[in-house]
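Load the model in your viewer and keep the selection tool at hand. The stops below go from the ligand to the pockets and cavities, and end at the backbone.

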Amino acid sequence: MKKHSILVVGGAGYIGSHMVKDLLHAGYDVITLDNLSTGHRELLPGGQFIEGSLNDTALLDSIFSEHRISAVMHFAAYSLVGESVENPLKYYQNNVAGTINLTDSMIRHKVKRFIFSSSAAVYGEPEEVPITENHPLNPTNPYGATKRLVEQVLKDCDSAYDFRYISLRYFNAAGADESGKIGERHEPESHLIPLVLKTATGERDNISIFGTNYPTPDGTCIRDYIHVSDLTRAHLLAFDALLEGSPSDVYNLGNSKGYSVREVIELARKVTGREIPVIESGKRPGDPAILVARSDKIRKALGWAPRYEDLETIIRTAWNWHR
Ligand code: UFG
């Protein structure tokens, strides 16, 4: 039987590169499309690489004409909440218009399976935690709004065309592949765990805690951290489900366990054996106090379960990469 070919858009980024590695390992043909605006060519573990943009319709058409693509996995989005508030058009242009271009080309070439990287940011300030997929979608920033809009576009495409999708709403992606060869690298870095580990290595002098009077037990924000390889495994299961004819759907992806910023720093001290000096500073605009997922739906429907359930292990894999 011929191998399935998967197009990974954004495969040179943090989560995308882990996806490419796991797809290759599972025996798929992989084609990566990435404009390298935030990705890194050297993070790509293999497969075919095409440098290009989602705004390039001719390029998309040529990819779908030349390859028999079984599914598209789409990781190529700008994802910084603060930047999206300052420059919303950059986000709508890339995350929404780019994705519409991509799905339009797919539909014209009869490529009908799409797996989308959505985000907990679609929910906004939660009315109830843990958050289920039925929670109202009230994003509090343009980044979350772009993810909600794309989900709407996908839903309408499903109704109108021969097109099926699975949208995976990630909570806080963290950690790195066990090999230590690929991991999280943003420039500039703004995410908590990599910044804490850069403080541990001495690359930074300290880590700022953004807000210490949130309505949480220790006053700092609580997040649900999920290992990047648990995310990629959910994509493999989503592809199998679509192949078997499952209908389009939306799933949360989290560990259903929250850790505060102070707890993250404490665990990083334990893992690294380093001091990690802290500065208490003001709140970062747009940060909800608590984001924790209920992930029962994907457990039941796709048989997914996290392999990295405790944050200490997740941080250990990230530290392995940072060193
Ligand atoms: N934080 C600090 N100091 C820092 C950096 C972060 O205290 O230097 C805090 C933040 O205020 C937040 C927590 O650490 O409370 C986690 O912050 P991150 O920037 O690591 O992650 P976010 O929760 O802001 O956002 C991430 C993704 C988003 C996604 C969201 C969904 O970056 O794309 O998770 O949960 F929408």
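Start by selecting Arg-223: a side-chain N or O atom of this residue is 2.8 Å from an oxygen atom of the ligand, a polar contact (a pair of N or O atoms within 3.5 Å; within protein, one must be able to donate a hydrogen and the other to accept it, and residues adjacent in sequence count only if both atoms are side-chain atoms). The model is predicted, with pLDDT of at least 70 required for local features and 80 or more for side-chain atom pairs, while totals for chains, interfaces and linings use all residues. Numbering runs from 1 along each chain as its sequence is written, and side-chain values use heavy atoms, with hydrogens and water left out.

**Around the ligand**

Add Arg-284, where a polar side-chain atom lies 2.6 Å from a ligand oxygen. Then add Tyr-143, with a side-chain N or O atom 3.4 Å from an oxygen atom of the ligand. Of the 680 Å² of accessible area that the ligand has on its own, the protein covers 92% (Shrake-Rupley method, 1.4 Å probe; for residues, only the protein chains shown count as cover).

Next, select every residue with a heavy atom within 4 Å of the ligand. This shell holds 22 residues, and the closest are Ser-119, Asn-172, Ser-208, Arg-284 and Asp-287. Colour the shell by type: 13 residues are nonpolar, 6 polar and 3 charged. Here Ala, Val, Leu, Ile, Met, Phe, Trp, Tyr, Cys and Pro count as nonpolar, Asp, Glu, Lys and Arg as charged, and the others, Gly among them, as polar.

Which strand gives the most to the shell? Strand 8 does, with 4 residues; select 207–210 to see this strand, and 192–201 for helix 6, which also supplies at least two shell residues. Helices (H or I, at least four residues) and strands (E, at least two) are DSSP runs, numbered from the N terminus. Colouring by domain shows that domain 1 (5–173 + 226–253) and domain 2 (174–224 + 256–322) each provide at least three residues of the shell; the bounds come from an automatic or database domain assignment.

**Pocket and cavity**

Move to His-4, Arg-68, Ile-69, Ser-70 and Arg-113, the closest to the centre of the second largest pocket among its 14 lining residues. Its volume is about 270 Å³, and its lining divides into 4 nonpolar, 5 polar and 5 charged residues. On a 1 Å grid over the protein atoms alone, a pocket is an open set of points with protein on both sides within 12 Å along at least five of seven lines, a cavity is a set where a 1.4 Å probe fits but cannot get out, and lining residues have an atom within 4 Å of a point. Points are joined across faces, edges and corners, and a volume is the space filled by probe spheres set on them.

There is 1 cavity of 30 Å³ or more. Select its lining: His-74, Ala-76, Ala-77, Asn-95, Thr-99, Phe-116, Thr-146, Lys-147 and Val-150. Helix 5 (142–160) gives the largest share of this lining, 3 residues, and helix 4 (88–108) supplies at least two.

**Backbone**

Most residues other than glycine have a negative phi, and most peptide bonds are trans. Select Pro-130, in the loop between strand 5 (113–119) and helix 5: a cis peptide bond with omega about -5° joins Val-129 to this proline. Pro-188 is in the loop between strand 7 (172–174) and helix 6, and a cis bond with omega about 0° joins Glu-187 to Pro-188. Finish at Lys-110, in the loop between helix 4 and strand 5, where phi is positive, near 60°.
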